[in-house]
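The following exercises ask for a reading of a single protein model, each with a solution in steps. Please examine the sequence and the coordinates before turning to the solutions.

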Amino acid sequence: MARKRIVVGISGATGPQYGIRILEVLREADVESHLVLSKASRRNIVLESDHTVEQVEALADVCHDVEDVGAAIASGSFLTHGMVVAPCSVKTASAIANSYNENLLVRAADVTLKERRRLVILFRETPLHKGHLEILRKCADLGAVILPPMVAFYHRPKTIREIVDQTVGKALDALGVEHDLFRRWSGGDLSVVQ
C-alpha cells in the first residue's frame, strides 16, 4: 500500500467541523480517505457547519453508506493506516467499547482495533459521569487513543479555525500524518512574562 489510507468516521456528536477539517487536510496531504457518516452526523453537519452533506462527502476519496456492513472498510483484509472518529458521540464510543457493530462506522472502528491499527477517538461530551469514563477506559484498554478536543493556548489561537486545527493536528499526529496546522511547543521563554 503505497499511499496512506485513513478511515474517517463522523458521528452525531457536536463538532462535525473536526471531521470536515480532517478530510480537508488529508486531501491536501494526498492521503486516501474513506468516509462513513452516522445518520445523526448528517443532521449536525447541516445544523453546525457551513457545509452540506454532499460537500462533506465530496472531500473524501471514497464514501461508504453507514448501513453497508459489507463495505471494504468492514474487513481487516482491507489495509488502512488507521481510523479517526471525529467527533465521537457517547453512543458511538459505547458501541466501540462493547464491539456492538450495529453499523459500518462502529464495525470499521472494531476492525481497526482488532487489526492493531491506530484508532483515534475525538470524544465530544462534557461534563463526564462515571459511565462515560468507563466507556472511555474500555476503549483505551482495547487500544484506542482517546483525544477529546481540548483547547490549547500556548500557540495563542485567534480564530475558531486555529482552535480546530490544533485538535485536528493532534489527531493527525496520532495517525502519523504530517502537517503544519499549528505552532509546536519548543519551550517557553519566561523572560516575556517577567
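**Exercise 1.** Determine how the residues lining the largest cavity of this predicted model divide into nonpolar, polar and charged.

*Solution.* Step 1: establish the count. One cavity of 30 Å³ or more is found, and the largest cavity holds about 50 Å³ of space. Step 2: list the lining. V7, I73, S75, F78, T80, A108, V111, T112 and R117 line the largest cavity. Step 3: classify these residues. Five are nonpolar, three are polar and one is charged. Step 4: assign the lining to elements. Helix α5 (residues 104-114) gives the largest share, with three residues.

**Exercise 2.** Describe the largest pocket by its volume, its lining and the helices that contribute to that lining.

*Solution.* Step 1: take the volume, which is about 250 Å³ for the largest pocket. Step 2: consider the lining. There are 14 lining residues, and S38, K39, K91, E102 and N103 are those nearest the centre of the pocket. Step 3: classify the lining of the largest pocket, which comprises four nonpolar, six polar and four charged residues. Step 4: identify the helices. At least two lining residues come from each of α2 (39-48), α4 (90-97) and α5.

**Exercise 3.** Which residues of α2 are buried, and which are exposed on the other side?

*Solution.* Step 1: recall the geometry of a helix. With 3.6 residues a turn in an α-helix, residues three or four places apart point the same way. Step 2: find the buried residues of α2, namely S41, N44 and I45. Step 3: examine their directions. These residues lie on the same side of α2, because the arc they cover around the axis is only 110 degrees. Step 4: turn to the other side of α2, where K39, R43, V46 and L47 are exposed.

**Exercise 4.** How many disulfides does the structure contain, and what is the situation of C63 and C88?

*Solution.* Step 1: recall that a disulfide is a covalent bond between the sulfur atoms of two cysteines. Step 2: search the whole structure, which yields zero disulfides. Step 3: take C63, which is in no disulfide, with the nearest cysteine sulfur, that of C88, 19 Å away. Step 4: take C88, which is likewise in no disulfide; its nearest cysteine sulfur belongs to C139, 6.9 Å away. The cut-off for a disulfide is a sulfur pair within 2.5 Å. Step 5: compare the surroundings. C63 is partly exposed, at 38% relative accessible area, whereas C88 is buried, at 0%.

**Exercise 5.** Characterise the aromatic pairing in the structure and locate the partners along the chain.

*Solution.* Step 1: count the pairs; the structure holds one aromatic pair. Step 2: describe its geometry. Y154 and W185 are arranged edge-to-face, with 5.7 Å from centre to centre and 80 degrees between the planes. Step 3: place the partners. Y154 belongs to the loop between β6 (145-146) and α7 (160-175), and W185 to the segment after α7; the two are 31 residues apart, and the pair thus links distant parts of the chain. Step 4: assess accessibility. Y154 is partly exposed at 29% relative accessibility, while W185 is exposed at 56%.

**Exercise 6.** Where is A140 found, and how far is A140 from V84 in sequence and in space?

*Solution.* Step 1: locate A140 in helix α6 (residues 130-142). Step 2: note that A140 is partly exposed, with a relative accessible area of 37%. Step 3: give both separations. A140 and V84 are 56 residues apart in sequence, and their C-alpha atoms are 14 Å apart in space.

Key: Residues are numbered from 1 along each chain as its sequence is written. This is a predicted model: local features need pLDDT of at least 70, side-chain atom pairs count only at pLDDT 80 or more; totals for chains, interfaces and linings use all residues. Side-chain values use heavy atoms; hydrogens and water are left out. On a 1 Å grid over the protein atoms alone, a cavity is a set of points where a 1.4 Å probe fits but cannot get out, and a pocket is an open set with protein on both sides within 12 Å along at least five of seven lines; lining residues have an atom within 4 Å of a point. Grid points are joined across faces, edges and corners, and a volume is the space filled by probe spheres set on the points. Helices (H or I, at least four residues) and strands (E, at least two) are DSSP runs, numbered from the N terminus. Ala, Val, Leu, Ile, Met, Phe, Trp, Tyr, Cys and Pro count as nonpolar, Asp, Glu, Lys and Arg as charged, and the others, Gly among them, as polar. Buried means under 20% relative accessible area, exposed over 50%, partly exposed in between (1.4 Å probe, protein chains only). Rings of Phe, Tyr and Trp (its six-membered ring) pair if their centres lie within 6.5 Å; planes under 30 degrees apart count as stacked, over 60 as edge-to-face and the rest as tilted. The arc is that of the directions from the helix axis to the C-beta atoms.
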